[in-house]
Amino acid sequence: MTGTEPPASDDDAPVVAAVDWLGEALEWWPGTDGRVRPALRSPDPTLATAGADVDPTDPAIRTLAADLVATMAAAPGCVGLAAQQIGVAVRVLAIDVRNHPKTRTCHGLLVLCNAEVVTASQWQKGREGCLSVPDLTGDVMRAGRLVVAARLPGGGRPVTLTTDAFEARALQHEIDHCAGALFLDRVAGPHAVFARKVYR
């Protein structure tokens with residue numbers, strides 16, 4: 001996902017504090033070097049392929065996690081990336097919304113395996129872009145408040161996080177990728193799709 005939301009208002013405030021597992025959220029990182037991989041573009045069929053569940057303790061998943069982070073960091077404006085976008089049809093995603101102005105609650109850099117939406121509420125429309133659809137943006141209805149359960153790559157620790165606003169939108173966007181869906185599959189119609197004037 002690429003950041004296209006307007007800045008948040010001054011009265012926006014986080015709904016949750018940092019949780020105790022964040023110190024271990026990158027437990028897969030030591031000794032694992034990520035490499036920047038080419039991002040697939042629609043209509044590549046891998047982007048439409050639902051991902052398989054993974055074993056978070058598999059060394060190949062640790063390597064994939066590192067590659068997702070490296071590839072995301074190398075793409076200007078990218079705040080999320082799923083394994084499908086680098087050609088691997090599994091349920092692994094990365095997000096990092098720390099520098100986005102619309103972020104309220106933020107859990108920092110996250111890589112999640114087998115992420116599932118537990119609860120979703122406070123639905124709202126927002127503009128989204130995508131590294132795999134670089135020329136378009138679209139208005140998509142997403143939950144503004146979200147609870148997600150997943151496992152961390154490396155040790156496989158189960159985690160549950162509660163979030164809102166832009167981080168919730170980014171998570172839903174990437175969970176959709178893991179299911180083989182693009183944001184274009186979520187728009188209300190052609191009237192909700194726009195040409196991207198500047199890709200950043």
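**Exercise 1. Which residues have the most contacts inside the largest nonpolar core, and how many residues does this core have?**

Before solving, note that this is a predicted model, in which local features need pLDDT of at least 70, side-chain atom pairs count only at pLDDT 80 or more, and totals for chains, interfaces and linings use all residues. Residues are numbered from 1 along each chain as its sequence is written, and side-chain values use heavy atoms, with hydrogens and water left out.

Step 1. A nonpolar core is a set of buried Ala, Val, Leu, Ile, Met, Phe, Trp, Tyr and Cys residues joined through side-chain atoms within 4.5 Å, where buried means under 20% relative accessible area (1.4 Å probe, protein chains only).

Step 2. The largest such core has 22 residues, and those with the most contacts inside it are Leu93, Ile95, Leu112, Ala115, Leu146, Val148 and Leu171.

Step 3. Two or more residues each come from strands E2 (92-95), E3 (110-130), E4 (133-151) and E5 (158-164) and from helix H2 (165-178), these elements being DSSP runs numbered from the N terminus (helices H or I, at least four residues; strands E, at least two).

Step 4. H2 gives the largest share, six residues.

**Exercise 2. Find the disulfides, and describe the surroundings of Cys78 and Cys113.**

Step 1. Taking a disulfide as a pair of cysteine sulfur atoms within 2.5 Å, a search of the whole structure finds zero.

Step 2. For Cys78, the nearest cysteine sulfur belongs to Cys130 and is 8.1 Å away; Cys78 counts as buried because its relative accessibility is 11%.

Step 3. For Cys113, the nearest cysteine sulfur, that of Cys178, is 9.3 Å away, and Cys113 counts as buried because its relative accessibility is 0%.

Notes
Buried < 20%, exposed > 50% of the residue type's maximum accessible area, 1.4 Å probe, protein only.
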